[in-house]
Amino acid sequence: MMRTRPLKVALLGCGVVGSEVARIMTTHADDLTQRIGAPVELVGVAVRRPSKVREGIDPALITTDATALLKRGDIDVVIEVIGGIEPARSLITTAFENGASVVSANKALLAEDGAALHAAAEQHGRDLYYEAAVAGAIPLVRPMRESLAGDKINRVMGIVNGTTNFILDKMDSTGAGYQEALDEATALGYAEADPTADVEGYDAAAKAAILAGIAFHTRVRLDDVYREGMTEVSASDFASAKRMGCTIKLLAILERAADGASVTARVHPAMIPLTHPLASVREAYNAVFVEAEAAGRLMFYGPGAGGSPTASAVLGDLVAVCRNKLAEATGPGESAYTQLPVSTMGDVVTRYHISLDVADKPGVLAQVATTFAEHGVSIDTVRQQGRPDGVGNEASLVVVTHRAPDAALSGTVEALRKLDTVRGVASIMRVEGE
Ligand code: NDP
Ligand code: HSE
C-alpha cells in the first residue's frame with residue numbers, strides 16, 4: 001500500500017554532503033517513493049550563510065534557525081550533515097524530543113557522545129542511523145550491526161580516511177609533496193573543514209571508536225583509541241618501505257585480545273606488504289577487513305569520502321529509517337552489553353621497522369643488538385649502509401623486529417637514544433598485514 005501523505009525531512013547542513021543529499025532526493029524522488037512506500041518531502045534546509053547560492057534548492061526552504069525548523073513538530077526524519085560537536089549534538093537531541101528519527105554522517109560527534117545520543121533515540125522511540133559516518137559510501141556499519149550480528153568479530157583492519165590515503169598514495173606514486181597532495185584532496189571535497197582532523201588521525205580515530213563499539217559490542221570512546229597522524233611520514237620512509245616490498249598506509253586496527261577479555265583500538269601509519277590487498281587501495285578509496293569467527297575474512301571496499309558517495313550512504317539510511325517509521329518500528333540501537341575494557345597501546349603486539357643513525361665503528365651493531373635483547377625484542381633483519389648524504393663516520397642502521405609488545409619496543413627505543421653511538425632515531429614504523 002502506497003501512502004500519499006509525504007514523510008517530512010529536515011536537512012541540517014547543505015555543504016559538500018548536504019547539497020548532494022538534496023540533489024539526489026530531488027532527482028530520485030519517484031524511486032525513493034516506491035522504495036519507501038510513501039513520498040519524502042524536504043521541508044527545510046538549515047545553513048549558516050543564507051545568502052549563498054544553492055543550485056537546485058528552493059530558496060524558501062533555507063533557514064538559519066535550525067532549532068525552529070525542528071520544533072515545528074511535524075518532522076519525521078532529520079538529516080544532520082553540519083558536522084562537529086555543537087550545535088549538531090543539541091540539534092539531534094531536539095530532533096528526538098520533537099519526535100523525529102535522525103540520520104547523521106557526523107563521526108566526530110558519534111565517537112564523542114554516541115552513547116548519550118543512542119540513549120536519547122531509545123528514550124523517544126526513534127532511530128539513529130549513521131552509515132555515512134564511517135568509510136563514506138561503503139556499506140559497513142549496517143553489515144556489522146545487522147548482517148554480522150550472529151557472528152563474533154575478532155579483528156578489524158582498514159583504511160578509513162580518504163584524505164590521508166590520497167596524500168600517501170600521491171607521495172608514494174608520484175613523489176608529490178605533502179602540502180601539494182593535501183591541497184588537491186581539499187579541493188576535491190575529501191578533507192574535513194580543518195584538515196588537522198584528517199592528517200593527525202583524529203577523523204580515523206573517531207571512525208575506529210565507532211567501529212570498535214559495533215564490532216565488540218562494547219563502548220569505545222575516542223580517548224580509548226591510540227592515535228598517531230601521518231604528517232611525519234617522509235620520502236625516506238617510502239624508500240625504506242619499497243626496499244622491504246612494502247608501502248605505507250594510515251591504518252585503523254581494532255583487535256579482541258586472544259583471551260577475549262579486552263580489546264585494543266589504534267590508528268597509525270604502518271608499512272604493509274605490496275601483496276596485501278590494502279596496499280592497492282589508491283586515492284581517496286577506503287577498504288576495511290573484518291575477521292569474524294564463522295564468516296572468516298570479509299573485505300569492504302569503495303569510495304570513502306566526497307559529496308556524492310557520502311550522500312549515497314545517507315540516502316540509504318533515509319530509506320531505512322522511513323520504512324521503520326511507516327512500520328511503526330525502530331532499527332537496532334546501541335549494543336554495548338560486553339563492557340570489555342580497552343587495553344593501552346603498550347599491550348599491542350606487532351612488528352617494527354626502526355631506522356637509526358649510528359656511528360660507523362666496530363662494536364656498534366653488537367651494542368644495538370644487545371639493547372634489543374635486553375628489552376626482550378627479537379630482531380628479524382638488520383641492514384647497515386653508509387649515510388647517503390655522505391656524513392663521515394656515520395651509518396644508517398635499519399632494524400626490523402619480530403612481533404613484540406609496544407611497551408617493550410618503546411623501552412628499547414628509549415635505551416637506544418641514550419647510547420653514545422646512536423646519533424638519532426630517524427623513524428619508527430609498525431609493520432602490519434604479514
Ligand atoms: P561542509 O563544511 O561542506 O558543510 C557543512 C554545512 O553545515 C554547511 O552547509 C554549513 O552552512 C552548515 N552549517 C555549519 N554550521 C551550521 C549551523 N550552526 N547551523 C546550520 N548549518 C550550519 O561539511 P561536509 O558536507 O563535508 O560534512 C558534513 C558532515 O559529513 C560532517 O560531519 C563530516 O564529517 C561528514 N562527512 C563528510 C564527508 C566528506 O567527504 N565531505 C564524508 C563522510 C562524512 P553553509 O553552507 O552556510 O556554510
Ligand atoms: N575527511 C574524511 C576523509 C571524509 O577524508 O575520509 C570522510 O569521512
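**Exercise 1. The shell around ligand 2**

How many nonpolar, polar and charged residues does the shell around ligand 2 have? Work it out on this predicted model.

*Solution.* Start by listing the neighbours: ligand 2 is surrounded by K107, N161, G162, T163, Y190, A191, E192, D198, D203, K207, G304 and A305. Next, sort them, remembering that Gly counts as polar and Tyr as nonpolar. You should arrive at three nonpolar, four polar and five charged residues.

Now look for polar contacts. One oxygen atom of ligand 2 lies 2.7 Å from a backbone N or O atom of G162. The side chain of T163 brings an N or O atom to 2.6 Å from an oxygen atom of the ligand. On the nitrogen side, a polar side-chain atom of E192 is 2.8 Å from a nitrogen atom of ligand 2. Taken alone, ligand 2 has 260 Å² of accessible area, and the protein covers 93% of it. Finally, the elements giving two or more residues to this shell are α7 and α10 (202-216).

**Exercise 2. An aspartate in α7**

Is D169 buried or exposed, and which residues is D169 in contact with beyond its neighbours within four places in sequence?

*Solution.* First, place the residue: D169 sits in helix α7 (residues 162-174). Then check its relative accessible area, which is 5%; the cut-off for buried is under 20%, so D169 is buried. Beyond the sequence neighbours, its contacts are T174, R282 and E283. To finish, zoom in on E283, whose backbone nitrogen lies 2.9 Å from a polar atom of the D169 side chain.

**Exercise 3. Salt bridges across the chain**

Find which strands the salt-bridge pairs R155–E291 and R423–E394 link.

*Solution.* Begin with the principle: side chains of opposite charge can pair when their charged atoms come close. For R155 and E291, the N to O distance is 3.8 Å. This pair joins strand β7 (residues 153-159), home of R155, to strand β11 (residues 285-292), home of E291, across 136 residues. Both residues also belong to a salt-bridge network with E255, R266, R297 and E432.

Turn to R423 and E394, which meet at 3.4 Å, N to O. Here R423 lies in strand β17 (residues 422-431) and E394 in strand β15 (residues 394-401), 29 residues apart. As a last step, check the accessibility of the two partners: R423 is partly exposed at 47%, whereas E394 is buried at 13%.

Terms used
Residues are numbered from 1 along each chain as its sequence is written. Chains are lettered from A and ligands numbered from 1 in the order in which they are written. This is a predicted model: local features need pLDDT of at least 70, side-chain atom pairs count only at pLDDT 80 or more; totals for chains, interfaces and linings use all residues. Side-chain values use heavy atoms; hydrogens and water are left out. Helices (H or I, at least four residues) and strands (E, at least two) are DSSP runs, numbered from the N terminus. Buried means under 20% relative accessible area, exposed over 50%, partly exposed in between (1.4 Å probe, protein chains only). A polar contact is a pair of N or O atoms within 3.5 Å; within protein, one must be able to donate a hydrogen and the other to accept it, and residues adjacent in sequence count only if both atoms are side-chain atoms. Contact means heavy atoms within 4.5 Å. A residue is near a molecule or strand if one of its heavy atoms lies within 4 Å of it. Accessible areas come from the Shrake-Rupley method with a 1.4 Å probe; for residues, only the protein chains shown count as cover. A salt bridge is a side-chain nitrogen of Lys or Arg within 4 Å of a carboxyl oxygen of Asp or Glu.
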